[in-house]
Amino acid sequence: MALSTFVASTNRVIALVDMDCFYVQVEERDDPSIKGTPAAVVQYKTYKGGGIIAVNYEARAKGVTRNMRGDDAKAACPEIKLVRVPETRGKADLTKYRDAGREVIQVLNEFDCCVERASIDEAYIDLTEAVEKKLSEMSSDCELDFSNTLPSLDMDCFTGSFVMGYDSTEQWLEALRGSEMPQLDDIKLAIGAEIVGKMREAVYKKTSFRCSAGIAHNKVLAKLVCGINKPNKQTVLPHKSVPQLWSATKVSKVRGLGGKLGDYLIGRLGCENMCDLGKFTENELSAGLGAKTGMWLYRLSQGYDDEAVTPRQLPKSIGCNKNFFGPEALRTKEKAKFWITQLAAEVVERLQRDLEMNNRKAKSLTLHVKFEDQNALSRTCGASPQYNPERLAADAYSIMEKLYQALGVLPINSLGLIASKFEDEIDTSNYTKINDFFKTKPCSSSVLEVEVIDTDSLNSDSSTDKLVDSSSLGPDSSTLGISGSLQKLDENNSTSTSDTVKKPSSNPIESNSIVNPLPSTSITSKHAVSHSNTNVTPKKSETSETKEHRKPFFSFSVTAPTIVSPRKSPRKPVAAAAVSSNEEGSSKLTITKVTQVLAVEECERCGKKFSPWDMETHKDYHAAKDLYREINGMPPLDFDLRPETLRKKEIEQASAERAAKAAQKRPRGRGKGSSSCSSSKRGRPMSANPVPTSSQSKTIDSYFGPKS
DNA sequence: CTTGGCGTCGTGT
DNA sequence: TACACGACG
Ligand SMILES: Nc1ccn([C@H]2C[C@H](O)[C@@H](COP(=O)(O)OP(=O)(O)OP(=O)(O)O)O2)c(=O)n1
Ligand SMILES: [Mg+2]
């Protein structure tokens with residue numbers, strides 16, 4: 001039944017580069033007089049001095065933290081300089097920080113490595129190839145004699161470099177030299193750290209921004225140790241130091257465990273520190289958390305994490321939103337229209353720049369609305385290719401208008417407008433960087449071996465192993481970041497591979513083009529050239545170099561079939577297909593396109609007959625009715641697959657229940673440290689948390705679900 | 001309904 | 001799919 005997949009886990013060299021107090025540094029570069037003094041970036045000065053979103057290290061020393069109000073910061077540190085986030089069209093405008101973040105990515109890309117933009121100020125870098133290249137140069141034709149490779153490291157690259165478990169970099173390297181066994185993994189980390197030292201220096205030279213970095217064998221550990229020595233420092237984590245690190249690491253500090261899953265580990269399993277996870281078998285963890293989350297945690301407890309560095313430097317979406325709380329709530333259609341217009345103007349402006357820089361266009365536009373009763377929803381329509389602000393605003397507002405028709409003019413607390421589903425443009429007339437070709441290295445396929453071991457027995461009936469009452473289980477569905485196709489395979493009880501091999505085939509380089517759903521090539525072809533959308537200053541030319549054949553450093557076998565995504569054959573009648581057509585500017589609530597004209601159509605919902613023209617209007621009626629039911633927590637009319645218990649419940653108290661539930665919604669506290677709400681009430685975990693992020697769950701209670 | 005604002009990403013269904 | 005929602009910067 002269940003299959004376990006084993007991959008080499010300490011053969012990659014992964015770095016996480018994180019800018020120091022980024023927004024403040026951006027402001028300090030603009031106005032150097034700020035440097036060396038306490039400073040913070042705030043947005044919206046009016047309410048209690050605005051909210052602080054970035055704090056420099058001088059101000060941190062005085063106790064100023066993110067999420068403080070500007071007024072609080074002044075109280076804690078009277079001399080602090082507060083810099084305001086620029087405002088455009090009545091809302092915060094983060095353009096200058098996005099631009100600064102791009103500068104940094106540009107520099108990192110000059111090192112010809114696989115770079116993943118993880119956020120506005122963070123990037124993961126897979127250094128495996130670069131390290132092995134350097135290693136092969138160092139040891140030249142000598143056999144595996146690394147004893148003289150270490151002296152060739154440029155020690156200037158190690159200033160401000162730390163190694164977990166050692167007093168100094170020198171001590172670590174000395175230990176490596178003196179070791180009987182060749183410590184190949186550590187040597188790779190050392191070479192990686194040297195490269196990262198050069199990268200950080202280049203970033204400073206070209207942007208004047210300081211950053212810190214973590215260097216480890218995987219993303220989770222690289223990110224974790226990056227934060228241990230800051231600012232302007234880097235930290236290496238040899239695998240053998242993992243136990244020591246884990247014994248001093250609260251679970252909530254680990255990426256993906258800062259939320260409900262972390263709460264579960266603490267509250268249900270008693271795991272305060274990461275080392276406590278080691279007390280559990282994989283089966284025990286899987287029992288309460290699902291197979292994938294369980295395996296992820298089990299492997300993490302040993303310091304392993306297989307998530308790939310995905311080569312991508314461009315955002316997948318461009319959006320903006322604004323909150324309107326309390327008295328500012330939008331209570332009229334006119335106000336909603338006004339603000340949608342403002343948001344549309346910003347989005348279009350950014351889309352236009354994105355088109356010029358990256359030669360791609362958004363195909364999808366989504367409006368997010370949160371009402372005063374805390375109910376939120378989003379609706380999507382096609383994005384007009386014109387990139388015209390009035391047009392975009394009109395399309396977005398037409399969605400809003402339909403919501404109003406279905407729900408009434410409810411007060412709005414938040415509006416968001418997001419463009420996504422980018423595709424490369426064929427026409428390059430808007431492309432300002434026509435000569436920009438680039439080379440992006442895909443992530444390393446550091447897989448040494450993928451052995452598939454049939455472990456039918458593991459998951460069979462080990463109920464006796466469970467430490468956790470299965471009545472409180474989260475859903476067994478969890479994700480581990482496995483791509484959709486592989487996940488499908490998993491459902492079929494096939495093998496799920498590690499993420500390091502999740503995208504071996506179709507599209508190793510970043511591209512917004514529609515991906516060929518049929519993986520075909522082998523992972524061995526790793527260098528690729530594309531003129532697509534990375535805003536990278538490329539290598540000189542389109543050196544369409546094919547991968548040099550390396551000595552079989554590793555063997556590789558994929559267990560996942562190469563055929564994925566069995567496309568649903570279109571069984572639906574033509575008219576039905578037309579309903580889902582995603583014509584630009586029309587949300588799903590409006591059916592504007594019929595691809596086949598029929599004399600009379602029969603409504604799928606109620607059986608009534610209409611002309612195609614009238615059917616449009618008629619379906620709007622159903623759509624509005626469905627929306628009303630959805631808003632009130634009621635199931636769709638035509639089928640209800642929910643458990644009997646829920647079905648009963650909703651019949652009389654749907655509306656009230658949903659309202660109450662919405663009112664109960666509470667954003668989870670994000671305070672870093674000690675202070676927490678004294679109230680006993682804590683955001684209830686709602687679902688078994690896939691890794692590393694989680695998803696919705698309406699019916700599953702929680703990790704802490706009713707204990708009995 | 002202010003443990004805050006704005007912005008991304010991933011994932012189940 | 002479109003949508004909801006968690007997690008995080
Ligand atoms: N809740 C948050 C967290 C971060 N940011 C922005 C401001 C930060 O400057 C930037 C980077 O976030 P980091 O968590 O990396 O924090 P800093 O870079 O400011 O500081 P550090 O030196 O700890 O990385 O993202 C934000 O707007 N809201
Ligand atoms: Mg940072």
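Reader: Which residues come nearest to ligand 1, of the 14 around it?

Author: In this predicted model, D18, C21, Y57, R60 and K230 come nearest among the 14 residues around ligand 1. A residue is placed around the ligand if one of its heavy atoms lies within 4 Å of it.

Reader: What makes the pairs between ligand 1 and C21, Y23 and Y57 polar contacts?

Author: The criterion is a pair of N or O atoms within 3.5 Å. A polar backbone atom of C21 is 2.8 Å from an oxygen atom of ligand 1, and a polar backbone atom of Y23 is 3.1 Å from an oxygen atom of the ligand. For Y57, a polar side-chain atom lies 2.6 Å from a ligand oxygen. Each distance is within the 3.5 Å limit, so the three pairs count as polar contacts. The protein buries 75% of the 550 Å² that ligand 1 exposes when taken alone.

Reader: How do you know that both domains contribute to the shell around ligand 1?

Author: Domain 1 (10-30 + 91-248) and domain 2 (31-90) each supply at least three residues of that shell. Strand 2 (14-19), helix 1 (22-30), strand 4 (51-55) and helix 2 (57-60) each give at least two.

Reader: How many residues of each class are in the shell around ligand 1?

Author: Seven are nonpolar and seven are charged, with no polar residue in the shell. Tyr and Cys count as nonpolar under the classification used.

Reader: Why is the arrangement around the magnesium ion (ligand 2) called octahedral?

Author: Six donors count as octahedral if opposite donors are over 155 degrees apart and all others between 65 and 115. Around the magnesium ion (ligand 2), the six donor atoms subtend angles of 77 to 174°, and the arrangement is therefore octahedral. Ideal angles for six octahedral donors are 90 or 180 degrees.

Reader: What makes D18, M19 and D121 the protein donors of the magnesium ion (ligand 2)?

Author: A donor is an N, O or S atom within 2.8 Å of this metal. D18 (OD), M19 (O) and D121 (OD) lie 2.0 to 2.1 Å from the magnesium ion, so they qualify. Along the chain the donors follow the spacing D-M-x101-D. D18 in strand 2 and D121 in the loop between strand 8 (114-119) and strand 9 (122-126) are 103 residues apart, and the pair links distant parts of the chain.

Reader: What is the omega of the peptide bond from K230 to P231, and where is P231 found?

Author: Omega is near -5°, and the bond is cis. P231 is found in the loop between helix 8 (219-226) and strand 12 (234-236).

Methods:
Residues numbered from 1 in each chain as written. Chains lettered and ligands numbered in written order. Predicted model: local features only at pLDDT ≥ 70, side-chain atom pairs only at ≥ 80, totals over all residues. Heavy atoms only, no water. Polar contact = N/O pair within 3.5 Å; in protein donor to acceptor, adjacent residues only side chain to side chain. Areas by Shrake-Rupley, 256 points an atom, 1.4 Å probe, with all protein chains shown as cover. Helix = DSSP H or I, 4+ residues; strand = E, 2+ residues; numbered from the N terminus. Domains from an automatic or database assignment. Donors = N, O, S within 2.8 Å, 3.2 Å for Na, K, Ca; no water. Tetrahedral: all angles 85-135°; square planar, octahedral: opposite > 155°, others 65-115°.
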